[in-house]
Amino acid sequence: MNQKIVLILPAYNAAKTLIPFLKALPKYLFGAIILVDDCSSDNTYQIAKKQKGLLVYRTPRNLGYGGNLKMCLGLALDRGANVIIELHPDGEYKMDGIIPGLAKIKKGSDFVLGNRFKGNSKIAGMFWWKHPFIKLLTAIDNLILGTNIKDIHQGFRIYTRDLLNAVNFRTNSNNYLFSFEIIAQAAFKHTPIANVPISTFYKGKKRGASFKASIIYSLGTFKVLALFILAKLGLISRLFRKQGKVSQCPNCKSHYLVEQRLSISKFNIFFCKICLNGFTRPIPENMEVYYPPTYWYYVGWIGYIRKITFEFFQKRRKKWIEEYLPEGGDILDVGSGEGNFGKSLNGHFRVINIEAPFAKLRNQEVIRTDFLKWRPNQKFDAVCFWESLEHLDSPQDYLEKAYPLLKKGGFIFIEYPRYESFESKFFGKYWLHLDIPRHLSHLTEKGLKILVNRVGLTCLEETSILSLDYGPAGFIMSAINIFRSVGFIPLLIFSPLILIGFILQMVLSVFGESPIGLIVSKRK
Ligand SMILES: [Zn+2]
């Protein structure tokens, strides 16, 4: 086998140990050495950058061990690695496992784990209480997973490309639990796993994980074991599904922590664990076919109901704007439709409306253009994305574009369907507000805050809104979607749903779980 061996070093606050660690490293063994710094608070990154023969990267924000490792693995796979060795530059593990580990891979193992116990049960410097605890957990894990792993909870590993192609590792946790999840995944796929003895050297204050972290980790492993048992029984959760397609996050421009979440006809929803937002792929080439003229204006009695509903929207939005800009001001409404929001405001506000170039509108005053290329000769007190940001690919680019259009102290308002809301989780792919493929982005509260901060705005308010106009529609239509998928059922049956929808909306909003959210941010 022609092995391309890549060494990965997930690093966090390793400034003190990095240089001696690299000195001891048998560099001739590796085709490449990749270090990813997880936004350390010390100068790990700066020190690493100066080292020869090291490919140094930094995570876009502090991700945790699993997040960092996913990025390391992704980068190694990109470089064509067949065999990936993981070592931690904190010096807790020595390097005596590498050569025997590679020999195991040659003999056909796809996954190699270090073993700190190797006959003698004393481990240099480890907390005394940890030892029997680790032994007991390992025994339980092996029993359930059907493996013979000597030391499950340790940090020296060798991965093969075959293993990483077989398991859905991108869906794993961003914390330490990653390391156990991938073992359970490997066991589920009957991957040949090998053990090699490894020496450890714990010293100083750190000495591995703390008591609290160990307990949380251990509880996490029991959850993974439960999911493993369920998967064996046929109830396969995301963790044990086969690896989905891989796509690049339009905000982060990387694929390292992107997982496939849902599949709806020919479209997929991916979720990025770096910026915590989802996106739709593929993007239809002729987007305009998904926006028929009836999307923009209202006909017949359905049109009449829609018109009333949308008037509720405008009232709510008007209240928010007046709260932040009591004196009025210049407003830019991005994705304005017919410009009804602007019409609802009083004379203290001057509103510019913008819509997509292909929009079939009656109102000729609405500017139809690509916002990213648009160059106005004025600045605004507020830029509004009223349920429009989710229609755009790469919301980050749009926020970046909007930022310099704001006056100092100006606001950006974002009203959006909350992808992480209860309703969304409950209905899954049947959720009305996924609106595939018109919704190219699937935004979360945390995710929007990350994007807003990235472009330099300060987040002032984030809320989930009680929406008695639009909210119940989401519930009713999502429920109808489910019934539609099993066959036609007369509309009459759905009338109780309207009442349930209203009640559900009120209950959810009490718990801050309404499907619609608002984020207000400010230019410094
Ligand atoms: Zn992202």
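**Figure 1. Strands β17 and β18 side by side in the predicted model.** In this predicted model, strand β17 (residues 457-465) runs antiparallel to β18, and 8 bridges join the two. Two facing pairs help you find your way along the ladder: T458 stands opposite K522, and E461 stands opposite V520. On β15 (residues 406-417), β18 has another antiparallel partner, this time through 7 bridges. Here P417 of β15 has I516 of β18 as its bridge partner. Why is β18 described as largely enclosed? Strand β18 spans residues 516-523, and 7 of its 8 residues are buried, so the rest of the structure largely encloses the strand.

**Figure 2. The open sheet of 7 strands.** Stepping back from β18, you can follow the whole sheet in the order β13-β12-β11-β14-β15-β18-β17. The sheet is open, and its pairing is mixed. Which strands stand at the edges? They are β13 (367-368) and β17; each has a single partner strand, so one side of each lacks a neighbour in the sheet. Helix α10 packs on this sheet, where it touches β11, β14, β15 and β18. If you compare directions, that of α10 makes about 155 degrees with that of β15.

**Figure 3. Helix α10 and its surroundings.** Helix α10 covers residues 300-324, which is 25 residues. From first C-alpha to last, α10 reaches 37 Å, close to the 36 Å expected at 1.5 Å a residue. Within this helix, look for R317, W320 and I321, which are buried. What covers the buried residues of α10? The cover includes the strands β11 (329-334), β14 (380-386), β15 and β18, together with helix α11 (340-344).

**Figure 4. Strand β5 between two kinds of pairing.** Strand β5 takes in residues 111-115, and 4 of these 5 residues are buried, so the strand is largely enclosed by the rest of the structure. With β6 (residues 157-160), β5 runs antiparallel over 3 bridges. With β7 (residues 193-197), β5 pairs in the parallel sense, and there are 5 bridges. A handy residue to centre on is V112: it stands opposite I158 in β6, and its bridge partner in β7 is A194.

**Figure 5. K429 and the loop around it.** K429 sits in the loop between α13 (422-427) and β16 (441-442). Is K429 buried, exposed or partly exposed? With 17 other C-beta atoms within 10 Å, K429 is partly exposed. Beyond its neighbours within four places in sequence, the contacts of K429 are L262, I264 and L434. For a long-range reference, T59 is 370 residues from K429 in sequence, and their C-alpha atoms are 31 Å apart in space.

**Figure 6. Two cis peptide bonds.** The bond from I436 to P437 is cis, with omega near 0 degrees. P437 is found in the loop between α13 and β16, and the loop between α13 and β16 also holds K429. The bond from R281 to P282 is cis as well, with omega near -5 degrees. P282 lies in the loop between β10 (277-281) and α9 (293-296).

**Figure 7. Positive phi at H190 and S394.** If you are checking backbone torsions, H190 is worth a look: its phi is positive, about 55 degrees, although H190 is not a glycine. H190 is placed in the loop between α7 (178-188) and β7. It counts as exposed, with 10 C-beta neighbours inside 10 Å. S394 is not a glycine either, and it too has a positive phi of about 55 degrees. The loop between β14 and α12 (395-402) is where S394 lies. Having 19 other C-beta atoms within 10 Å, S394 is partly exposed; the cut-off for a buried residue is 20 or more.

**Figure 8. The chain as a whole, for orientation.** To place the close-ups, recall that the chain is divided into domain 1 (5-240) and domain 2 (281-465 + 514-523). How many Å separate the centres of domain 1 and domain 2? Taken over C-alpha atoms, the separation is 43 Å. The C-alpha atoms of the chain fill a box of roughly 80 × 55 × 45 Å along the principal axes. The chain has 16 helices and 18 strands, and 42% of its 524 residues count as buried. Of the contacts with a separation of 6 or more, 74% come from residues 24 or more positions apart.

Definitions and conventions
Residues numbered from 1 in each chain as written. Predicted model: local features only at pLDDT ≥ 70, side-chain atom pairs only at ≥ 80, totals over all residues. Helix = DSSP H or I, 4+ residues; strand = E, 2+ residues; numbered from the N terminus. Buried ≥ 20, exposed ≤ 12 C-beta atoms within 10 Å, placed from the backbone. Contact = placed C-beta atoms within 7 Å. Pairing = 2+ DSSP bridges. Expected span 1.5 Å × (residues − 1). Domains from an automatic or database assignment. Axes fitted to C-alpha atoms, helices over the stretch in contact; angles between N-to-C directions.
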